[in-house]
Amino acid sequence: MAEPDQNKTAEHRRPIFYGWWVVAIAFVTMGVAVAARTSFSVLFPEILAEFGWSRGLTAGAFSTGFLISTAMLPLIGIMMERYGPRLVIPLGAFLVATGFLLVTLVATPWAFYATMSLLIVNGSMAMAYIVHSIFLPAWFVRNRGLAIGLAFSGVGVGSMVLLPALQWLIDLAGWRTACLAMAGLVAVVIIPLNAFFQRGSPQAMGLEPDGGPPRQRAGRAPAPAPDPVVDRAWAEVDWTLAKAARTTRFWWVALAFFCGLFAWYSIQAHQTQFLIESGFDAGVAVTALGLVALFGIGGQISLGWLSDRLGREVAWTISLAGFAATYALLVLLNDRPSTMLLYAMVACQGLLGNGLAALFGAVMTEIFAGRQIARIVSVLSLSGNVGGAAGAWFLGFAHDLTSSYLLGFWVCLAASLVSIGCIWLAAPRRVRLVAGQAKRKAQAAQL
């Protein structure tokens, strides 16, 4: 009897790389974290109706929480360096769960701000995009963009499942019961899932990124992975925040992030109001916003995958071109509202623009790998958050100034193009090639 092929048997028995479990945990965590933060929009009408506070005072709780969490980003970076996601994410989840419990007891604006701003909105920052952008890239090299895109697509799924469920609970049993349910979900699912099973790096488990070298095929020696490093002197620097901040690349990345999120958050904040003012039914306007989130799931996964093959700059360009097209279509919608233009705008925004989320962590890790990558990611993300806040404010200011969104739309289109230019000037491809680029380079060298 013929002996079984040992290589084939080993291949068959090879366990699933733990990095994909890390991605799965991140998928669930991201979905719950962002849904918890955006649940404010579902609770907002109930709070207004019960307490009779002004809209500005009530809405200020969300804005205050966003500002507090932005100011906390450098501290989150330091905590991630020292303690990793197994402590930071559960800590954020504890704050969020406590906030949802205590908000059911509020009776004054200051108590509402303390629970919603300081605990729920601020705590969710330690569970969401920036924290995962710090450690997820360490688990992957060949599939870095795809892995981050898959993890972040949990946001779209979570929003589509949890926010309607929250509204259903509010209608059935009141907003306090809905808040208690959210507290229970965060405490029972997110805290133990991350405290016991999440890991900050493959090295902590004695593993390598991607699970090691490419798998060996039966009867063949494993092919060596192509060397992705282009600028070895740069790549060998153990980057600290101080060193990174003294380079022009750091500031090109910061400006790319600022302009990219300026374009992203501007339309996210004002789209529904603009569509209603343009003559669309309120139900259609809300559906359009939901479709953006739905398309964003595919956009993040596909652009993450594409960036692993064609490069971060190419994927970034496609994403920001999507936002530029979004604003061009909004300009047309302003003059000639039509369903066809509306859904073209939604597709550009969701399938292309929202795919940007899969690229931030990969860009920063590939340029500034080093012992202080967590601090670098948090500070560069601070630039993005400021851009997002500025964009949402500017679009409203431009409307107040001109009684139209047109000026703001043109500025946001220009910001999209500036972001594209900045990422090419930052040039992550001149430090490290993505897997697809490195493979093509190695194949060309063999010809």
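Okay, which helix is glycine 384 found in? The answer is helix α19, and that's where I'll start. One thing up front: this is a predicted model, so please keep that in mind throughout.

So, α19. It runs over residues 373–402, which makes 30 residues. At 1.5 Å a residue you'd expect a span of 44 Å, and the end C-alpha atoms are 43 Å apart, so the two agree. Right after α19 comes serine 403, and its phi is positive, near 60 degrees.

Back to glycine 384. Buried or exposed? It's buried, with a relative accessible area of just 1%. If you leave out residues up to four places away in sequence, glycine 384 touches Phe257, Phe258 and Leu261. In the same region, the C-alpha of valine 253 is 9.7 Å from that of glycine 384, although the two residues are 131 apart in sequence.

Further along α19 we get to phenylalanine 397. That one counts as partly exposed, because its relative accessibility is 37%. Its C-alpha sits 8.5 Å from the C-alpha of glycine 408, which is 11 residues away along the chain.

α19 also carries one end of a salt bridge. Arginine 375 pairs with glutamate 81, and the closest N and O atoms are 2.8 Å apart. Arginine 375 is in α19 and glutamate 81 is in helix α5, residues 73–83, so here we have distant parts of the chain being linked, 294 residues apart. Both partners are partly exposed: arginine 375 has a relative accessible area of 25%, and glutamate 81 comes in at 26%.

How many salt bridges does a search of the whole structure find? Seven. Let me take you through a couple of others. Arginine 429 bridges to glutamate 313, with the closest N and O atoms 2.9 Å apart. The arginine lies in the loop between α20 (406–426) and α21 (435–446), and the glutamate in helix α16 (residues 312–335), so this pair ties together parts that are 116 residues apart in sequence. Here the two ends come out in separate classes: arginine 429 is partly exposed at 22% relative accessibility, whereas glutamate 313 is buried at 2%. The cut-off for buried is under 20%, so arginine 429, at 22%, lands in the partly exposed class.

There's also a network of salt bridges, and it links Arg144, Asp308, Arg312 and Glu366.

The next pair brings us to another helix. Glutamate 50 forms a salt bridge with arginine 176, and the closest N and O atoms are 2.7 Å apart. Glutamate 50 is in helix α3 and arginine 176 in helix α11, so the bridge ties together parts that are 126 residues apart in sequence. Glutamate 50 counts as partly exposed at 40% relative accessibility, and so does arginine 176 at 30%.

Now α11 itself. This helix covers residues 175–197, so 23 residues, and it reaches 32 Å from its first C-alpha to its last, close to the 33 Å expected. Which residues of α11 are buried? They're Trp175, Ala178, Cys179, Met182, Ala183, Val186, Ile190 and Asn194. Look at the spacing in that list and remember the helix geometry: with 3.6 residues a turn, residues three or four places apart point the same way. As for what they pack against, the buried residues of α11 meet α2 (18–38), α3 (40–51), α6 (85–103) and α10 (154–173).

Leucine 180 is in α11 too, but at 44% relative accessibility it counts as partly exposed. Together with Leu101, Leu102 and Leu105, Leu180 forms a nonpolar patch on the surface, with about 380 Å² of accessible area between them.

Last stop, the inside. The largest nonpolar core has 128 residues, and the ones touching the most other members are Phe100, Phe112, Leu136, Trp316 and Phe368. Which helix gives the most to this core? That's α14, residues 248–277, with 13 residues. For general background, nonpolar side chains tend to be buried together in soluble globular proteins.

Phenylalanine 100 takes us back to α11. Setting aside neighbours within four places in sequence, phenylalanine 100 is in contact with Ala36, Ser39, Leu43, Ile120, Cys179, Met182 and Ala183. Cys179, Met182 and Ala183 are among the buried residues of α11 we just went through.

That's my tour, thanks.

Conventions: Residues numbered from 1 in each chain as written. Predicted model: local features only at pLDDT ≥ 70, side-chain atom pairs only at ≥ 80, totals over all residues. Heavy atoms only, no water. Helix = DSSP H or I, 4+ residues; strand = E, 2+ residues; numbered from the N terminus. Expected span 1.5 Å × (residues − 1). Buried < 20%, exposed > 50% of the residue type's maximum accessible area, 1.4 Å probe, protein only. Contact = heavy atoms within 4.5 Å. Patch = residues over 30% accessible without salt bridge, like charges linked within 9 Å, V, L, I, M, F, W, Y side chains within 5 Å. Areas by Shrake-Rupley, 256 points an atom, 1.4 Å probe, with all protein chains shown as cover. Salt bridge = Lys/Arg side-chain N within 4 Å of Asp/Glu carboxyl O. Core = buried A, V, L, I, M, F, W, Y, C linked by side-chain atoms within 4.5 Å.
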